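Please open the model in your viewer and keep the selection tool at hand. The tour below moves from one selection to the next and says what is to be found at each stop.

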Amino acid sequence: MHRNLLVLLLLLSPVSALALNEGLGEPPPEVDRQTPSATVTGFLEASHARYMALLPHYLWLSHLPPEQQRAEGERLGRRLMFVLDRAMWFDFTRIGQEPLGDTPGATSVSLGQVPLARGTRDIRLRRVEGPDGTPIWVFSEGTVRAIDALFEEHGSPLLERLPSFFFVRPVWVLELWQWLGLVLLAGVVLLASQVLEKWAHWLGGRAARLTKSGWDDQMLTAGRGPMRFALVALLGAAGSRLLLLPPPAQKAVDLGARSLALVSAAWFVLRFVKLSAGFLEQKVVEQAGQDVGRARGLRTQLVVMRRIVEAATYVIAASLLLLQFEAVRNVGVSLLASAGIAGLVLGLAAQKSISTLLAGIQLSITQPVRIGDTVIVENEWGWIEEITLTYVVVKVWDLRRLVVPMTHFLDKPFQNWSKVSPEILGTAELYVDYRTDVAAVRAELSRILHDEGRALWDGKVQGLQVTGFSERTMTLRALVSAADAGKAFDLRCIVRERLIAFLQRQPAGLPVVRAEALFPAEAVESRTAPVLPSSGGRNVVVPGGRAE
């Protein structure tokens with residue numbers, strides 16, 4: 001009974017330094033074990049500096065025979081270093097800074113837990129009493145006994161077979177063998193991703209040839225390139241686990257892999273949307289046939305919607321990339337706290353930009369203008385060349401570009417000459433004499449359209465009408481039709497030129513100025529004919545007192 005009580009008191013009381021690691025002798029002066037924080041810091045610095053002779057002094061080895069404590073302590077210390085670098089990340093703000101620990105009377109503290117296949121294992125420090133009564137903190141006996149099991153879970157026997165120069169002082173948190181492994185892994189991953197991408201495209205191409213749909217072809221084309229980046233991210237993240245990287249390095253590798261995967265996904269979406277828009281436009285054009293208006297309307301909708309999807313893809317991808325970083329995430333939380341005021345301020349400041357953006361979406365739905373339409377905007381005649389989310393580019397007839405805000409087409413009137421169809425009527429007006437043979441001019445117009453204007457005239461409309469008159473002339477209007485406004489303009493010019501040349505060859509084609517004068521009776525009786533100047537500068541004698 002008394003013997004059991006004595007054993008219990010010995011277990012509960014602090015162990016003297018004389019009973020701690022007797023086979024190691026007096027520790028070197030650089031070994032600091034007075035506080036939990038000093039013990040952890042000293043062990044990590046000694047392990048990373050590869051001072052293996054110092055590692056046993058930070059471990060509880062009293063359960064081992066004294067003659068085995070040094071060799072076994074170096075082996076276990078090296079294994080514990082691999083486990084801690086691989087599976088734990090210390091927060092020194094939570095490790096005790098006091099010699100007696102943060103809790104009065106505590107003889108052990110927990111540094112954290114390392115996951116195992118069957119649960120977790122505590123990594124603990126134990127306090128023992130030195131020769132002069134000062135406390136000494138070392139890794140506890142339970143932790144030391146579990147090092148081999150932890151190493152089997154998080155380490156590899158290969159690490160102990162590598163040459164010693166691979167374990168010289170690490171760069172950052174990685175050993176030399178890990179840096180070399182990353183370089184080798186990068187080469188293998190790049191080669192493997194190319195091989196897998198070609199194999200996947202070959203297999204997908206064979207499957208796509210079995211179907212009549214063209215969407216699978218667009219997906220295969222869009223995936224060429226993005227798939228390789230996705231494979232690099234997947235294989236790199238998986239292969240890095242074999243290198244037993246410490247948490248900071250593994251976190252950086254995973255961050256890079258996730259970022260690359262996000263970039264590849266965004267790239268695939270952008271390419272697929274672009275190819276799908278072209279594919280859908282081609283399909284509709286084939287089905288629409290001569291319905292040019294429908295094709296233009298679809299093209300305009302596809303362009304605007306594609307730009308919306310592209311903008312949304314860029315914003316979402318950038319947001320997901322930035323949210324991976326802790327600093328940006330914290331800023332985002334802070335911004336959410338004042339989102340109401342910020343949203344109100346931004347809404348007031350950007351209301352014009354937002355209205356322009358919404359106008360672009362409305363224009364793609366209502367389609368007052370479409371790409372390729374002939375319009376007159378701000379007294380400028382041209383074609384709609386480009387439609388973005390905020391502005392429209394009009395290609396003026398003299399090759400100038402007129403950039404018009406999107407809201408202009410919703411707020412102000414403008415002319416669209418090809419809203420329903422690009423076909424258009426054109427007129428050419430001529431002022432001729434009353435004695436002009438209108439039937440002959442009409443026949444000449446028909447000849448012009450069938451000969452000189454055959455490449456411009458669409459053969460649908462032709463006509464010549466007397467549309468007005470004055471005291472001196474009458475007005476002829478030649479009406480012609482063309483496939484679009486550009487051809488109509490050229491055709492009108494040809495009609496004017498040829499009809500004017502025809503009228504010049506006629507004896508009474510071009511108008512003349514007429515005047516009538518009354519003379520005194522004696523002039524009549526003397527039968528003297530007056531001489532009056534004509535409109536052409538010549539004097540014309542008219543019997544009966546009329547001058548022409």
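Begin by selecting residues 176-208, helix H6, in this predicted model: the helix has 33 residues, which at 1.5 Å a residue should span 48 Å, and its end C-alpha atoms are 47 Å apart, in agreement with that expectation. Within H6, colour the buried residues, which are Trp177, Gln178, Gly181, Leu185, Val189, Ser193, Glu197, His201, Gly204, Gly205 and Ala208. Adding residues 215-223 and 226-240 to the view brings in helices H7 and H8, against which the buried residues of H6 pack.

From H8, pick phenylalanine 229, which is found in that helix. A distance drawn from its C-alpha to that of serine 193 should read 7.9 Å, although 36 residues separate the two in sequence. Is phenylalanine 229 buried or partly exposed? Its relative accessibility is 37%, so phenylalanine 229 counts as partly exposed. Not counting residues up to four places away in sequence, the residues that phenylalanine 229 touches are Leu260, Ser264 and Trp267.

Next, turn to the largest nonpolar core, a set of 37 residues in which Phe43, Leu84 and Phe139 have the most contacts. To see where the core comes from, select helix H2 (36-48), helix H3 (69-87), strand S1 (108-116), strand S2 (119-129), strand S3 (135-139) and helix H5 (147-154), each of which supplies at least two of its residues. Of the contributors to this core, H3 gives the most, with six residues. Centre the view on phenylalanine 139 and, leaving aside neighbours within four places in sequence, look for its contacts, which include Phe43, Leu80, Leu84, Leu111, Ile123, Leu125 and Val144, as well as Tyr58, Leu59 and Trp60.

Leu59 and Trp60 also lead to the next stop, asparagine 21, since they are among its contacts beyond four places in sequence, alongside Pro56, Leu61, Ser62 and Gln69. Asparagine 21 sits in the loop between helix H1 (2-12) and H2, and at 4% relative accessibility it counts as buried. Show its side chain together with the backbone of leucine 61, where a polar side-chain atom of asparagine 21 lies 2.7 Å from the backbone nitrogen. The backbone of asparagine 21 also deserves a look, for its phi is near 50 degrees, a positive value in a residue other than glycine.

For another residue with a positive phi, go to glutamate 378, where phi is about 55 degrees although the residue is not a glycine. Glutamate 378 lies in the loop between strand S4 (374-377) and strand S5 (380-387).

Now move to residues 438-450, helix H15, whose 13 residues reach 19 Å from the first C-alpha to the last, close to the 18 Å expected at 1.5 Å a residue. Which residues of H15 are buried? They are Val438, Val441, Glu444, Leu445, Ile448 and Leu449. Looking down the axis of H15, you will find these buried residues within an arc of 135 degrees, so they line one face of the helix. The cover over them includes strand S10 (457-469), strand S11 (474-482) and helix H16 (485-504). At the N-terminal end of H15, select aspartate 437, which caps the helix through a side-chain oxygen 3.3 Å from the backbone nitrogen of alanine 439.

In strand S11, choose threonine 475, which is buried, with a relative accessible area of 11%. Leaving aside neighbours within four places in sequence, threonine 475 is in contact with Glu429, Leu430 and Tyr431, among others, and its contacts also include Gln465, Val466, Thr467, Gly468 and Phe469.

Finally, zoom out to the whole chain, whose secondary structure comes to 17 helices and 15 strands, and in which buried residues make up 38% of the 548 residues. Colouring by confidence, the chain averages a pLDDT of 80, with 79% of the residues scoring at least 70. Over residues 5-18, however, the pLDDT is below 50, and this stretch has twelve contacts in the model beyond near neighbours in sequence. Residues 534-548 likewise stay under 50, and the model has 26 contacts for them beyond four places in sequence. Where pLDDT is low, the predicted coordinates should not be read in detail.

Terms used:
Residues are numbered from 1 along each chain as its sequence is written. Side-chain values use heavy atoms; hydrogens and water are left out. Helices (H or I, at least four residues) and strands (E, at least two) are DSSP runs, numbered from the N terminus. The expected span of a helix is 1.5 Å times one less than its number of residues. Buried means under 20% relative accessible area, exposed over 50%, partly exposed in between (1.4 Å probe, protein chains only). The arc is that of the directions from the helix axis to the C-beta atoms. Contact means heavy atoms within 4.5 Å. A polar contact is a pair of N or O atoms within 3.5 Å; within protein, one must be able to donate a hydrogen and the other to accept it, and residues adjacent in sequence count only if both atoms are side-chain atoms. A nonpolar core is a set of buried Ala, Val, Leu, Ile, Met, Phe, Trp, Tyr and Cys residues joined through side-chain atoms within 4.5 Å. pLDDT is the predictor's confidence in each residue, from 0 to 100.
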